[in-house]
Amino acid sequence: MSTRTLLRVRRPGRLAAEAAALVIAAAVAFPLYWMVLSAFKPAGEIQSTEARPWTLAPSLDSFRRVFEQQDFGRYFLNSLTVAGTVVIASALIAFLAATAVTRFRFRFRTTLLIMFLVAQMVPVEALTIPLFFLMRDFGQLNTLGSLILPHLAFSLPFAIWMLRGFVKAVPEALEEAAYIDGASRTRFLWQILFPLVFPGLVATSVFSFISTWNDFLFAKSFIISDTSQSTLPMALLVFFKPDENDWGGIMAASTVMTIPVLVFFVLVQRRLVSGLGGAVKD
Amino acid sequence: MTANTTAYKAPETTGAGGTPARPPRRRGSPLRRTGWTPWLYLLPALVTLGGLLVYPIYQLGLISFLEYTQAQVSGGEPTTFVGFGNYADLFGDSQFWQVLLATVVFAATCVLATLFVGCALAVLLTRVRALPRLVLMMAALGAWATPAITGSTVWVFLFDPDFGPVNKVLGLGDFSWTYGRYSAFALVLLEVLWCSFPFVMVTVYAGIRAIPTEVLEAASLDGASQWRIWRSVMAPMLRPILIVVTIQSIIWDFKVFTQIYVMTNGGGIAGQNLVLNVYAYQKAFASSQYSLGSAIGVVMLVILLAVTLVYLRLVRRQGEEL
């Protein structure tokens with residue numbers, strides 16, 4: 001819509017569209033706003049039946065309850081360890097695998113690709129039962145390993161698919177030139193291909209980070225008795241009480257849990273949108 | 001979470017007749033002297049997937065054919081093979097059919113709502129200037145990034161009969177959304193829609209941006225309405241993307257777990273809000289009927305596999321090279 005005439009004709013429509021966009025944005029952002037607001041409200045205002053969309057006396061009481069909760073810092077660290085390990089390990093493993101399926105031709109290549117695609121469809125939750133017994137048999141119940149390993153496995157197929165496009169985009173001429181200059185295959189892989197594919201790795205890691213950080217089911221099923229190995233969702237559930245929910249605590253804990261993901265998203269936002277767009281475009 | 005956004009990359013080398021043609025092999029290129037190298041690169045991935053995905057699937061199938069309850073888990077009784085006994089129990093249970101129906105209807109509604117909202121907002125994004133676009137994009141990314149569990153708690157709080165603002169604004173008094181079956185499902189649906197439309201919006205928007213401007217300009221110069229442009233120009237050109245987001249939405253919404261579990265407190269009053277995933281979990285971990293839970297898991301796997309096969313057919317018909 002670059003021509004001036006077009007713009008002029010469409011102006012009233014565009015203003016309406018922009019107003020609609022802003023209203024929708026406000027509605028979409030409202031739950032997050034309400035979460036943060038409620039986390040800062042003093043106890044009296046939260047439990048008041050006159051819910052007001054502002055507070056005149058912000059307080060940190062709810063956050064204090066969250067952080068003073070036994071082992072909260074530990075839960076946070078556990079969540080970070082699990083998500084961080086999965087992100088790094090899956091990026092490296094997926095990079096190798098994506099290179100194999102895009103830069104080499106070998107038997108069963110297509111079969112493998114279809115298997116990776118099918119693997120993405122497997123309902124993770126349905127596998128909780130066998131994974132529970134597997135972790136028990138290997139003595140991994142109540143350890144962070146029981147969360148890291150399954151998440152690694154479940155984030156790999158998608159990561160491989162996503163990286164495939166990025167690896168493919170690196171021209172083969174570059175690879176040949178590297179070999180002619182005497183680079184070994186390993187050297188090409190890590191010193192040339194890896195840095196070129198890095199933006200793709202970032203976009204991929206958003207997805208593995210989020211799915212791991214958000215995990216609730218495995219944390220609930222595999223960490224059954226040793227609470228020192230719990231992750232953040234458990235710290236949140238503490239505030240749900242049978243008689244009366246501590247909404248201030250729940251909202252403060254939710255805020256604390258959401259912020260790292262939001263930060264992560266904002267950091268990679270540009271890469272993410274262009275990563276998705278790039279995958280769509282060519 | 002998401003999957004295969006790259007799946008619909010246009011074929012780079014498509015031979016005649018839609019069959020993917022391999023690029024010509026260049027002799028002497030180190031690329032082609034493959035040998036064991038690709039398998040070496042694949043090894044870590046294959047070991048991880050084999051041990052933690054393929055083997056558990058096999059185990060899931062196995063357990064679904066066994067009598068496997070608390071007694072067997074603790075070693076008190078030997079495990080016995082019961083063939084299709086668990087499946088017979090399951091299919092003979094009217095609750096299973098009720099849950100299956102609820103799952104399908106719930107997922108279908110979620111998918112339709114997500115696609116409609118996502119596509120409509122993607123088109124809206126193309127019609128506004130940079131600032132409103134950025135604002136809406138940021139709000140959507142915020143919703144997308146919110147963990148399912150915190151999203152669920154916030155939505156429950158927003159709709160809380162005593163302290164939530166929604167009932168105040170709508171004048172619903174102390175109407176409890178989680179008490180009735182349909183209002184509880186509606187509440188979960190809203191939350192699922194909230195956190196899943198951004199993916200559709202961002203992906204479809206990226207797709208629209210890739211359509212040559214002249215095409216859209218020509219359509220609007222010809223006096224086509226926005227709906228007409230979507231229907232006759234954008235949608236056909238975006239077909240590959242629409243297939244991906246549809247399938248992806250089906251897969252996600254079919255296996256919603258956290259939202260139902262947290263918002264309806266484990267499946268609602270008397271299990272009125274159970275979906276297959278939560279049902280399997282409750283059977284296995286709440287009542288220790290691991291074999292029944294596994295049988296439900298197998299049913300889910302089969303359904304999702306069928307969806308996947310349809311997807312693969314659609315993708316391959318477009319001549320995509322894998």
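In this predicted model, the largest nonpolar core holds 176 residues, of which A:Ala94, A:Ala97, A:Ile160, A:Leu163, B:Val204 and B:Val275 touch the most other members. A nonpolar core here is a set of buried Ala, Val, Leu, Ile, Met, Phe, Trp, Tyr and Cys residues joined through C-beta atoms within 7 Å, and buried means that 20 or more other C-beta atoms lie within 10 Å of a residue's own, with C-beta atoms placed from the backbone. Local features need pLDDT (the predictor's confidence in each residue, from 0 to 100) of at least 70, side-chain atom pairs count only at pLDDT 80 or more, and totals for chains, interfaces and linings use all residues. Residues are numbered from 1 along each chain as its sequence is written, and chains are lettered from A in the order in which they are written.

**The core**
- Helix α8 (residues 181-210) of chain B, a DSSP run of H or I with at least four residues, gives the largest share of this core, 16 residues.
- Because domain 1 (4-59) and domain 2 (71-281) of chain A both give residues to this core, it lies between them; the domain bounds come from an automatic or database assignment.
- Not counting residues up to four places away in sequence, A:Ile160 touches A:Ala94, A:Ala97, A:Ala98, A:Phe116 and B:Ala45, where contact means C-beta atoms within 7 Å.

**The two chains**
- In the model, 95 residues of chain A are in contact with 91 residues of chain B.

**Confidence**
- Chain B averages a pLDDT of 83, and 88% of the residues score at least 70.
- Over residues 1-31 of chain B, pLDDT stays under 50.

Definitions and conventions. Buried ≥ 20, exposed ≤ 12 C-beta atoms within 10 Å, placed from the backbone. Helix = DSSP H or I, 4+ residues; strand = E, 2+ residues; numbered from the N terminus. Contact = placed C-beta atoms within 7 Å.
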